[in-house]
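User: Hello! I am new to this structure and would like to get to know it through a few questions. Could you walk me through it?

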Amino acid sequence: MSRRFDLKKSLSSIISSEEKKSDDDDNKDVPTFLTSSVGPKVAAILDKHAESIHDDSFLKIIRQLEFWHSDQKLPEEGLLALTERLAKIASWRENLTNDSADAEKFTIPKVRYGKTELQMPIVTCGGMRVQETWIPDVMPLLRSNKAKVVKSASQDNLKNVIMSCLKIGLNHFETARFYGSSEIQFVAALVELMNEGIVRREDFIFQTKVFPMEKKADFVKQWNASWTNVEKLGYVDLLSFHCVSDDKLVDVVTSDDDDGLYKFVEGLKKEGKIRHIGFSTHGSAEVIMRMINSEKFEYVNIHKHFFGDYHAAGTPDTMGGQGNAACVKRALELDMGVFQISPFDKGGKLYRPSATVAAAIGPELSPIAFAALHAWKTQKIHTASVGFARPSDLDEVIEAARLYGDEKSDELLKAAEKRLNDIAIEKLGKDWFDKGLLNVPSFFNASTDGQSLGHMLWLHNCLTAYGMYEFCSDRYKMLEGTKWTKGKSFEENVKKNFNAGNPGRSYDASFDITEALKDHYDPDLAKEKIAECHELLTKEKKYTEEEKAEKGWKRAYNLTTWEEFPGEAISMSNVLLNRMGLKDVGPSKRSAMEAMKMRTSVRKFSSVDSGES
């Protein structure tokens, strides 16, 4: 009897072990929050909303919940509240088509856009990430065939983005002459929608941008090429001089010469081809202030973000400060429309936030919603431009726009701003936090030999305080891409090598920056940080995920579910690979499979909560 009992016990143990192994295999790719004690409750909430949530949005929810559960150990009550909030936000598309009286309808708020008098949605649909290709149509051998581009999968996606925007009242579409095929594709989609009777021309605002050229004939040639694309719309609401980033271009654009660029564009306005004149810029703060103070423009496209102002960060603003805060304030004083460029990419890569940033902002706001609210409420910016690559990119923006008129959002925003500032003060020191980016000459000052000293100090701040490695690495690589020829003068190098969209270069240990930093409150510390910025971020330096974690550089989560059609990185190699069809871009089988697996897991654990077997 005892041997039979032992055999029975052994078989039972083996079966139990195999069942456990099978369960472990089944749960191998299952998020840990689902297998936790709170998992069935979370799954039940997700399952309740599942049919209303697109696959892309579903994946984003799963990734955020996993971060807050596994990394941040969010208590059960908080995790359930977060789940409910994310699920409701992601259901916006279903609500648009739901005719039920109980369905919540929402439209993006609109504000007066300065002296243009346009009613501007507080969110703009930017056209920099949704087009087929980055290759401009001035490259005959490589440019895309217009007829093929407007019949491509990217065009279907772009039209879907536009339709999604229009349904929630987001009716400002912004592109540029040199955003590859973007201008062509936006116009084609909008004309098609007008012909179908879905939208009238007066119901949307169209903006495009053209690079200023030193010779008027070259600028006119660019404009004519652009007008060939957009003429079908009848007129351009907002025409911008694109990337006015140095003093020479300021002189060219603001000249009152009868044969100058500004007079030409004024002529277009008189002809009715354009309605309003403005400019965009990636320049230093003093260059931007010159453009604003010319009082020739009705609006400005500018970088002004909580985490720093891109190329203007650490450059003098002519008012004793640094960055673009004073520029935005002055533009508003002159009743200009203020348009925020790239708040979620150049403003901190917030669709892949660092763990420090996401945790400091907290579970009640996404980093993207935080950045938008900061722009609207703290900086008083009229509209935040979002480079939508897919309709699900609207999720977090709609969350922010819903909070725009909610008094509770003021409290959430101020608390998040304080937490982030407190972290920076703790990590950087109060003196450096207050004065570290002041009195640093811009890359246009010969004492820097073209080095973006303020930019590097800013990146060092972001890395040290907030662990924003991925963002800082991307930005520093852009500086490293600027060539500099020893033996040529500073002026020759600036003219030949500075890109209007990316002025300035990376650290050069062979050049003495003592003179450049003579007015800084702590020149030696500034030198140390600039050198360390290069050492930590140079493209030659690689880190494992474990090393990043040890340094406090962990990523919280990734809200990109598939790579945008033109490719994420703007490089010639990527452009060519994409042109040859060798890049895996657009909605992918991998993301579809991942979404299917996550939905299956949610259903499985939801049935546990409901008591189903």
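User: Which residues line the largest cavity?

Analyst: Happy to help, and please keep in mind that this is a predicted model. The largest cavity holds about 80 Å³ of space. Its lining is made up of S57, K60, I61, Q64, L86, I89, A90, S366, D395, E396 and E399.

User: Which helix gives the largest share of that lining?

Analyst: Three helices each supply at least two residues of the lining: α4 (55–71), α5 (76–90) and α17. The largest share is four residues, and the helix they come from is α4.

User: How many residues of the lining are nonpolar, polar and charged?

Analyst: The lining includes I61 and L86 as well as K60 and D395, and Ile and Leu count as nonpolar while Lys and Asp count as charged. Sorted by class, the lining has four nonpolar, three polar and four charged residues.

User: Why is helix α17 described as largely enclosed by the rest of the structure?

Analyst: Helix α17 covers residues 394–403. Its buried residues are L394, D395, E396, V397, I398, E399, A400, A401 and L403. The helix is largely enclosed because the buried residues number nine of the ten.

User: What percentage of the protein's residues are buried?

Analyst: A residue is called buried when its relative accessible area is under 20%. The protein has 613 residues, and its secondary structure comes to 26 helices and ten strands. Of those 613 residues, the buried share is 56%.

Notes. Residues numbered from 1 in each chain as written. Predicted model: local features only at pLDDT ≥ 70, side-chain atom pairs only at ≥ 80, totals over all residues. Heavy atoms only, no water. Buried < 20%, exposed > 50% of the residue type's maximum accessible area, 1.4 Å probe, protein only. 1 Å grid on protein atoms, 1.4 Å probe; cavity = no way out; pocket = protein on both sides within 12 Å on 5 of 7 lines; lining within 4 Å. Points joined across faces, edges and corners; volume = space filled by probe spheres on them.
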